[in-house]
Amino acid sequence: MNRNPANRALPVGLVVLLAGATMTATPVLALSEFQGAPAPIAGEQNAAPGDEAEEAGPEERTPLEIPMPDPLVDRTAVELKDDEIAAPDVVEPVEVLTDVSKIPVPVARMRELIVEAAASGDIERLRPLLGKGPTQTQVTATAGEDDPIAALKSLSGDQDGIEILAILLDVMSTGFVLADKGTPEEAYVWPYFAEKPLSSLTAPEKVDLFRLVTAGDFAGMEEFGTYNFYRVGITPDGKWKFFVAGD
């Protein structure tokens, strides 16, 4: 039997205690510390000590630039392209003419002949001026009236057509305008109210208009939206184009 103490085997329990004493102690984490720790991100590798990436501070981060709508800009205009933005309607000013000497001679001559015929009281004197066939003057006519003189008489309050001659004379005594300039429909038109918005009439111009119509007629025109009494048109080459009423 070997009685040397150095050769004796150590008890198992003592070996375990000695091994534990030589191992590095691992700190024990509390439950609250486990709950506060961030969960690891899948695929992320642990960085080595000292190799931590420098994280930009709040003042170094570039803010996300999101354009905000301007409340002062019309939403419809923003949605339209530059060349699709609708422009407001612009009403062109109407040039009222009064000097007959400055219009084409054929126009001035036809006006003079119409005035002379109307002032005579004989409606038949208008017949040569009204033309025939395709160039015949357009007149407001009742149903079945093809003859222009007969049509004019049917519009008069008397059987001889005196009233319609008086209206024609009053119309030709007003200012006038050049309508549809540069088009096949170009014509000098009496009275100028026929081509000018009623809402734009000045007080003196309303006096001119009330020489032709009553206040009740004018109220009806405002409701209708335009002048709708008699008007005369003469082409630049001196043809009597129309003598009509309505729109």
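Is Arg 109 buried, partly exposed or exposed, and what is its relative accessible area? Arg 109 is partly exposed, at 44%; here buried means under 20% relative accessible area, exposed means over 50%, and partly exposed is in between, using a 1.4 Å probe and protein chains only.

Before going further, a word on the model. This is a predicted model, in which local features need pLDDT of at least 70 and side-chain atom pairs count only at pLDDT 80 or more, while totals for chains, interfaces and linings use all residues. Residues are numbered from 1 along each chain as its sequence is written, and side-chain values use heavy atoms, with hydrogens and water left out.

**The sheet**

Let us start with the strands. Helices (H or I, at least four residues) and strands (E, at least two) are DSSP runs, numbered from the N terminus. Five strands make up an open sheet with mixed pairing, in the order E1-E5-E4-E3-E2. At its edges are strand E1 (138–139) and strand E2 (177–179), each of which pairs on one side only. Two strands are said to pair if DSSP finds at least two bridges between them.

Moving inward from E2, its antiparallel pairing with E3 has three bridges, and Ala 179 has Ala 187 in E3 as its bridge partner. E3 is in turn joined to E4 by three bridges, again antiparallel, with Val 189 opposite Gly 233 in E4. Strand E4 (residues 231–234) and strand E5 (residues 240–244) also run antiparallel and are joined by four bridges; here Arg 231 stands opposite Val 244 in E5.

The side chains of E3 go both ways: Ala 187 and Val 189 point to one side, Tyr 188 and Trp 190 to the other, and all are buried.

**Helix H7 against the sheet**

H7 lies across strand E3 (187–190), E4 and E5, and runs at about 65° to E4. For that angle, axes are lines fitted to C-alpha atoms, for helices over the stretch in contact, and angles run from 0 to 180 degrees between N-to-C directions. The buried residues of H7 include Ile 164, Leu 165, Ile 167, Leu 168, Val 171 and Met 172. Seen down the helix axis, the buried residues of H7 fall within an arc of 160°, so they line one face of the helix; the arc is that of the directions from the helix axis to the C-beta atoms. Among the elements that cover these residues are H4, H6, E3, E4 and E5.

Val 171 is a good place to look in this helix. Val 171 is buried, at 0% relative accessibility. Leaving out residues up to four places away in sequence, Val 171 touches Trp 190, Pro 191, Leu 212, Tyr 230, Arg 231 and Val 232, where contact means heavy atoms within 4.5 Å. Its C-alpha atom is 9.8 Å from that of Val 189, a residue 18 places away along the chain.

Ahead of this helix, Ser 156 sits in the loop between helix H6 (148–155) and helix H7 (162–172). Ser 156 counts as buried because its relative accessibility is 11%. Beyond its neighbours within four places in sequence, Ser 156 is in contact with Gly 161, Ile 162, Glu 163 and Ile 164.

**Charged pairs**

The count of salt bridges comes to six, a salt bridge being a side-chain nitrogen of Lys or Arg within 4 Å of a carboxyl oxygen of Asp or Glu. The table gives examples.

| Basic residue | Acidic residue | Closest N and O atoms |
|---|---|---|
| Arg 109 | Glu 112 | 3.3 Å |
| Arg 127 | Glu 124 | 2.9 Å |
| Lys 196 | Glu 205 | 2.8 Å |

Lys 196 and Glu 205 are both buried. Salt bridges that share partners also join Glu 124, Arg 127 and Asp 147 into one network. Arg 127 is partly exposed at 33%, and Glu 124 is partly exposed at 36%.

Back to the opening residue: Arg 109 and Glu 112 are three residues apart in helix H4 (residues 105–120), which means they are separated by about one helical turn. An α-helix has 3.6 residues a turn, so residues three or four places apart point the same way. Glu 112 is partly exposed, at 37% relative accessibility.

**Aromatic rings**

There are eight aromatic pairs, where rings of Phe, Tyr and Trp (its six-membered ring) pair if their centres lie within 6.5 Å. Phe 229, Tyr 230, Trp 240 and Phe 243 form one aromatic cluster.

Definitions and conventions:
Phe/Tyr/Trp six-rings, centres within 6.5 Å; stacked < 30°, edge-to-face > 60°.
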